[in-house]
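The following paragraphs lead a new reader through a single protein model. Please keep the sequence and the three-dimensional view at hand while reading.

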Amino acid sequence: MFAKMIRTDAQRGMAFVAPGLIVTALLILYPIFSVFYLSFLDAGVGEKNFVGFSNYIDMFNSFQFGQILQNTVVWTVGTVGIAFILGLGTALLLEQDFIKAKGLWRSLIMISWITPGVVKAVVWKWLYSY
């Protein structure tokens, strides 16, 4: 009986999780496949011509490819590294005993993290309202 209850709880849980997973998968997978498809086309205004791998050949043969790849790696490692170090340092600092009003500091950090998204949403709402 207990095994059956676990199985039904797991099925019920999957029913609640499935819509979010499907939406997330579509929001991630559709753009990836779309960009991959478009990479095989020579797309102009109003027309698309299939060119196969020639876009990739042109990209790898470009004299700028090495510099572009290096810039991308430096930018990615730099921004992720700095964000990780600042976030970890802030989290470790907030866990120290000498810090007073930890809840206030955590709230201020969360507000500064959430505010830009709310501002963007309000601006888009204003742009689309008539």
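Is alanine 101 buried, partly exposed or exposed? This residue offers a convenient point of entry, and the answer is given below, once the setting has been described.

The model is a predicted one. The secondary structure of the protein consists of four helices and two strands. Read from the N terminus, these elements follow the order α-β-β-α-α-α; the two strands thus come directly after one helix and are followed by three further helices.

The overall dimensions may be considered next. The C-alpha trace of the protein spans about 60 × 50 × 45 Å along its principal axes. The radius of gyration of the protein is 24 Å, whereas a compact globule of 130 residues would have a value near 14 Å. Burial and contacts add to this description. Of the 130 residues, 5% count as buried. Among the contacts between residues at least 6 apart in sequence, 0% join residues at least 24 apart.

The surface and the charges come next. The accessible surface of the protein amounts to about 11700 Å², and carbon and sulfur atoms account for 75% of that area. The protein carries 9 positive and 6 negative charges, and the mean positions of these two groups lie 18 Å apart.

Attention now turns to the two strands. Strand E1 comprises residues 41-44 and strand E2 residues 47-50; the two run antiparallel and are joined by four bridges. Together E1 and E2 form a hairpin, with two residues between them. In the turn, glycine 46 has a positive phi of about 80°. Two facing pairs can be located across the hairpin: alanine 43 stands opposite lysine 48 in E2, and glycine 44 stands opposite glutamate 47 in E2. As a general rule, side chains in a regular strand alternate between the two faces of the sheet.

The opening question can now be taken up. Alanine 101 is situated in the loop between helix H3, which covers residues 65-94, and helix H4, which covers residues 102-128. The phi of alanine 101 is near 55°, a positive value in a residue other than glycine. The relative accessible area of alanine 101 is 45%. Buried residues have under 20% and exposed residues over 50%, with partly exposed residues in between. Alanine 101 is therefore partly exposed, because its value of 45% falls between these two limits.

Terms used. Residues numbered from 1 in each chain as written. Predicted model: local features only at pLDDT ≥ 70, side-chain atom pairs only at ≥ 80, totals over all residues. Heavy atoms only, no water. Rg over C-alpha atoms; globule rule 2.2 N^0.38 Å. Buried < 20%, exposed > 50% of the residue type's maximum accessible area, 1.4 Å probe, protein only. Contact = heavy atoms within 4.5 Å. Areas by Shrake-Rupley, 256 points an atom, 1.4 Å probe, with all protein chains shown as cover. Lys, Arg positive; Asp, Glu negative; His and termini not counted. Charge placed at Lys NZ, Arg CZ, Asp CG, Glu CD. Pairing = 2+ DSSP bridges.
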